[in-house]
Each structure stands twice: as structure tokens, then as C-alpha cells.
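Please find below a colleague's note on the structure shown here. The points concern side-chain packing, ring pairs and record annotations.

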Amino acid sequence: MKAFTVSKVVTVLLLTGLVLLPLYSQASGNIFILTLLTRIVILALAAASLNLIMGFGGMMSFGHAAYLGIGGYAVGMLAQEGVGSGFIQFPVALAASALYALVIGALSLRTRGVYFIMITLAFAQMAYYVASGLARYGGDDGLTVYKRSDFSGLINLSNRTQFYYLCLACLFGVVFLIWRIVNSRFGLVLQGLRSNEQRMQAIGFPSKRYQLVCFVISGMMCGLAGALLANNTDFVSPAAMYWTRSGDLMVMVILGGMGTLFGPVIGAVVYLLLEEFLSQLTEYWALIMGPLLLLIVLFGRGGIMGLLGRLNRG
């Protein structure tokens, strides 16, 4: 009970900070805080989507960043072709991400373990090289999004504060949807498959069908993050799909607590704040970040959420 209370308090404090800090940024005129928080919220959304398949579904995808890039390119390419409506761009981003996730999932779910990881990685790298070869849309140099998505006056994405709260609303919506999925019959079957797939198959559950649906939902969520990221940076690049970005998302999930509802959000906040702080100190910040993350993984089993529980019990 105490462990639950500590985790709950930390989560509430974090969410309160995400809601209130932009108001402080606006009042103080410190735009940097709002810019950093927007990036954190978008990548937290992407990490939460990965946690759905990795933490709750037991599917270790090493190519999740592909959907981040696909969602971003859907926005950028449509904008390049003169289609600026967010009511078109965002559904296309979700549909394209879902379709690619369907293809990847249908093939990769035929394998297990390291083979599953390698196939998802291969598909992500395939998307990366395809995007790099699109000369019409910038190729290796990336694509500039000259105008943000237009929602017919309902919300102005060029307004930093409005855009931030849209991103935050999307994050809360995705986390709520994951909670509903995990606690539904579908989610319970999914977690059963993670624990013992052969036993679940023996009692009549079509495992691959459940896993594929979860895989597609996760890809759509990450595609939403990609669409928001393209609007945030006014730019989309093949680098968004590179395997190192998938690695970053995995670290966020593991750091915060894989298989927990708010763990990826906490992991994204801690990881990106550490990255920002250390990069201000030295250009070799990764040499400091690496050992810190290694210590957390070795001595903080269950991530930050698990560590909070053990500290409270101790």
C-alpha cells in the first residue's frame, strides 16, 4: 500500500508539473522551458506506445521509431503538396503508421526472441533508407515543414502554449487508452500471452491475432507522436527512424519502469532532462549518461517505479 502511495504521489507531482510549468514559462518569458517540455511530452507519448507492446505484450521491438518517422513524413509530404489541413494530415499519419505496423507485425510475429528484434530493426532501417532516397522530399537532408497543420481555427499550432497543451492532451489520452486496453479482456489475454504463450494457445486463444492488433494500435500511437513532432520542429528527417532513436525509446521505457502505466512518461522526463543537463556541461555527455543508465538498470530493477517501491518498503 505504501509503495503504491509513493508511486502515486510521484506521478501526481510529475503530471502537475507538466500542466503548470508552461504557465510559468509564459509568465517569465522563458521560451526554452516550454520548448523542452513539448519535446519531452511528444517523446513520452512515443515511449508509452512502445511500452504497450514491450511492457504489457512482451514484444521487444527495436524498430519502433519507424512509426515516428512515418507520422512525421505524412505531415511533411502532405504539406509539401499543398494539403495543410490537420483533419487530413493526422488521419493519414495514423493510417500510414497502422498499415506499416500491420505489415511488420504480420511478418515479425512469426518469429520469436532475437529474430523478432532483428526483423523489426530491419524494417525500421528499410524505412530509413527509403526516406533518405526521396529526393523530392529532401532525401538525407530532411524536409522542412513551412506551415504547421491547420485545424480551421479550432486550435493554433503556431501558438507554443496551445500546441503544448494539445500534445499534453494527446499524451493523457494515449495513457488513458492504454489503461483501458490493459484492464480489458483483450489486455488480460495479451498479458497472459506475455507470461505463457503456449498455455494461452492451448486453451484456445489465437495469440498472433491478439498480438498483431496490439502491434498495430501501438504503431498508430507512435505515428501520432511523429505527426506532433513534425509540427514541433517544423522539420522531419530520416534520422527520426534511425535505430538509435528506437534505442532511446527503449531506454525511456526501461528507465521509467517497463509494464507500468506512467513509467515511460517518468523515464522520458528523466532521460531527456539528464540529456539536456549533461550536454550543457560537456560534449562528451554520453560517456556520463551511459554509466548512469547502466547503474539504474543493474540496481534499479523495475526502473524508477520499481525503485520507488523498494525504497518505500526498505
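The numbered points that follow describe this predicted model.

1. Nonpolar core. The largest nonpolar core holds 90 residues, and within this core L18 and L228 touch the most other members. Helix α2, spanning residues 31–54, supplies the largest share of the core, with 17 residues.

2. Surroundings of L228. Besides being one of the two core members that touch the most others, L228 is in contact with I42, L45, F90, F163, L166, C167 and C170, once neighbours within four places in sequence are set aside.

3. Aromatic pairs and the F116–F215 contact. The model contains 13 aromatic pairs. One of them joins F116 and F215 in an edge-to-face arrangement, with 6.2 Å between the ring centres and 85° between the planes. F116 belongs to helix α5 (residues 113–132) and F215 to helix α9 (residues 207–233), so this pair ties together parts that are 99 residues apart in sequence. Are these two rings buried or exposed? F116 is buried, at a relative accessible area of 5%, and F215 is buried as well, at 1% relative accessibility.

4. The F186–Y210 pair. A stacked pair is formed by F186 and Y210, whose ring centres are 5.5 Å apart and whose planes differ by 25°. The angle falls under the 30 degrees required for stacking, and the pair is therefore classed as stacked. This pair links distant parts of the chain, since F186 lies in helix α7 (residues 185–195) and Y210 in helix α9, 24 residues apart. F186 is partly exposed at 21% relative accessibility, whereas Y210 counts as buried at 14%. The cut-off for buried is under 20%, so the value for F186 places this residue in the partly exposed class.

5. Ring cluster and charge over a ring. F62, Y128, Y129, Y242 and W243 are linked into a cluster by ring pairs. Elsewhere, the charged end of R148 sits over the ring of F163, at 5.1 Å from the ring centre. F163 is also among the residues in contact with L228.

6. Annotated transmembrane regions. An unreviewed UniProt entry places the feature "transmembrane region" at residues 37–54, 61–80, 86–107, 114–131, 163–182, 210–229, 249–274 and 286–308. How much of residues 61–80 is helix? In the model this span is 80% helix and 0% strand, and its end C-alpha atoms lie 31 Å apart. Residues 163–182 are 100% helix and 0% strand, with 29 Å between the end C-alpha atoms.

Terms used. Residues numbered from 1 in each chain as written. Predicted model: local features only at pLDDT ≥ 70, side-chain atom pairs only at ≥ 80, totals over all residues. Heavy atoms only, no water. Core = buried A, V, L, I, M, F, W, Y, C linked by side-chain atoms within 4.5 Å. Buried < 20%, exposed > 50% of the residue type's maximum accessible area, 1.4 Å probe, protein only. Helix = DSSP H or I, 4+ residues; strand = E, 2+ residues; numbered from the N terminus. Contact = heavy atoms within 4.5 Å. Phe/Tyr/Trp six-rings, centres within 6.5 Å; stacked < 30°, edge-to-face > 60°. Lys NZ or Arg CZ within 6 Å of the ring centre and 35° of its normal. UniProt positions renumbered as here; feature names shortened; annotations may be inferred.
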